[in-house]
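Please walk through this model with the coordinates open beside the text, moving from its sheets to its helices and then to its ligand.

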Amino acid sequence: MRTASEPVISLRGVTASLGARTVLRGIDLTVAPGEVVALLGANGSGKSTTVRAAVGQVPVSGGELALFGTPLARFRGWRRVGYVPQRSTAAGGVPATVREVVSSGRLARTRLRPLGRADKAAVRHALDVVGMADRAGDSVNALSGGQHQRVLIARALAGEPELLIMDEPLTGVDLASQRVLAEALRGQKDGGTSVLLVLHELGPLAPLIDRAVVLRDGRVERVDEPERLHDPSCHHPRDTTDGAEPATMIETGLLS
Ligand SMILES: Nc1ncnc2c1ncn2[C@@H]1O[C@H](COP(=O)(O)OP(=O)(O)OP(=O)(O)O)[C@@H](O)[C@H]1O
């Protein structure tokens, strides 16, 4: 579902540095309402830094960044945003159950009030969607990496976000879990949620993706339809006979 209204995420000429290194060199990126956008690119191209900038975790040194039409510095609508960080930055060690972690996804809505009926229903639904309802009472420290990832996704879904941002949700996740995630995302998309995903491969998510934005060295190298990324003719420019400008092969370095 696309509308002509204002983007839910808008980055224009965004620059950012980490330590002494300039990592983002002028990123232009928009996500329209209801759109599912994949952010692709080689290791170190700036994908995570882009999404971390979008959620205010990395300070921006230049350009314009807005969420739901509000400049990030003035944005207060965090209950509208669900964020799943890259797994290594959110690993276990927390003495909490699966249900407690997923419930924390309601915090921006409940503002420390006890969970009400609607909150509990949203938590249950999120656990169901990721197939973790039967593990709700278990410690998160007793989960595998892929299960932990599902819990983090459920935490984001529990907040019933209008915008879902996920950093490499498929990494280290088996094919069955990838399909669970694809189903969950399908449900979100059908409900009108806008989604920005950092990915290395489109995998089972390919049919859901409206646009793929490829980063290279802190800039947008190209924006493409996912079918084109899978089109073998794009990968062999010398084979093209119609004189059309061939697309560049996407090399993440992970697909050998
Ligand atoms: N804390 C940091 N201090 C300095 N440089 C950093 C820091 N974190 C990341 N970088 C650098 O920023 C660049 C972009 O990193 P980023 O994590 O955004 O890339 P990425 O495209 O998400 O990579 P990957 O596919 O490996 O996850 C890399 O060159 C990285 O070395």
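The paragraphs below take up two sheets, then a group of helices, and finally the surroundings of the ligand.

The model is a predicted one, and its description can begin with an open sheet of four strands, whose order is β2-β1-β4-β5 and whose pairing is antiparallel. At the edges of this sheet stand β2 and β5 (70-71), each of which has a single partner strand, so that one side of each is left without a neighbour in the sheet.

Within this sheet, β1 and β2 are joined over eight bridges in the antiparallel sense, and one of the pairs places L18 with R21 of β2 as its bridge partner. The two strands form a hairpin with two residues between them, and in this hairpin G19 adopts a positive phi near 60 degrees. On the pairing of β1 with β4, strand β1 (residues 9-18) runs antiparallel to strand β4 (residues 62-67), and the two are joined by five bridges. Two positions help to fix the register by eye: R12 stands opposite E64 in β4, while T15 stands opposite G62 in β4.

The other sheet to follow is an open one of six strands, with the order β6-β7-β8-β3-β9-β10 and with mixed pairing. Here β6 (81-84) and β10 (219-224) occupy the edges, and because each has a single partner strand, one side of each is left without a neighbour in the sheet. From one strand to the next, the twist of this sheet averages 15 degrees.

Both senses of pairing can be traced through β9. Strand β3 (residues 36-41) pairs with β9 in the parallel sense over five bridges, and G41 has L215 in β9 as its bridge partner. On the pairing with β10, strand β9 (residues 211-216) is antiparallel to β10, again over five bridges. L215 reappears in this pairing, where its bridge partner in β10 is V220, and V214 stands opposite R222 in β10. The hairpin of β9 and β10 has two residues between the strands, and D217 in this hairpin takes a positive phi near 50 degrees.

From the sheet one can turn to the helices, beginning with α5, which lies across β6 and β7 (163-167) and runs at about 175 degrees to β6. The axis of helix α5 (residues 145-158) comes within 8 Å of the axis of helix α4 (residues 117-129), and the two cross at roughly 140 degrees. The crossing in which α4 passes α5 is right-handed. On the α4 side the residues that meet α5 are A122, V123, A126, L127 and V129, and on the α5 side they are A154, L157 and A158. By class, this contact has eight nonpolar residues, no polar residues and no charged residues.

How does α5 lie with respect to helix α6 (residues 175-190), and at what angle do their axes cross? The axes come within 11 Å and cross at roughly 10 degrees, and since angles under 35 degrees count as roughly parallel, α5 and α6 are therefore roughly parallel to each other. Here G146, R150, I153 and L157 in α5 meet S177, L181 and A184 in α6. The contact of α5 with α6 has four nonpolar, two polar and one charged residues. L157 takes part in the contact with α4 and also in the contact with α6.

The last part of the walk concerns the ligand. Which residues surround the ligand? They are L18, G19, R21, V23, G41, N43, G44, S45, G46, K47, S48 and T49. Several of these have been met already: L18 and R21 are bridge partners across β1 and β2, G19 has the positive phi in the hairpin of those strands, and G41 is the bridge partner of L215. Seen by element, β2 (21-31) and α1 (47-54) each supply at least two residues of the shell around the ligand, and α1 gives the most, with three residues. Seen by class, the shell has two nonpolar, eight polar and two charged residues.

Conventions
Residues are numbered from 1 along each chain as its sequence is written. This is a predicted model: local features need pLDDT of at least 70, side-chain atom pairs count only at pLDDT 80 or more; totals for chains, interfaces and linings use all residues. A residue is near a molecule or strand if its C-beta atom, placed from the backbone, lies within 6 Å of it. Ala, Val, Leu, Ile, Met, Phe, Trp, Tyr, Cys and Pro count as nonpolar, Asp, Glu, Lys and Arg as charged, and the others, Gly among them, as polar. Two strands pair if DSSP finds at least two bridges between them. Axes are lines fitted to C-alpha atoms, for helices over the stretch in contact, and angles run from 0 to 180 degrees between N-to-C directions. A crossing is left-handed if the near helix is turned anticlockwise from the far one by less than a right angle, and right-handed if clockwise. Two residues are in contact if their C-beta atoms, placed from the backbone, lie within 7 Å. Angles under 35 degrees count as roughly parallel, over 145 as roughly antiparallel, 65 to 115 as roughly perpendicular and the rest as oblique.
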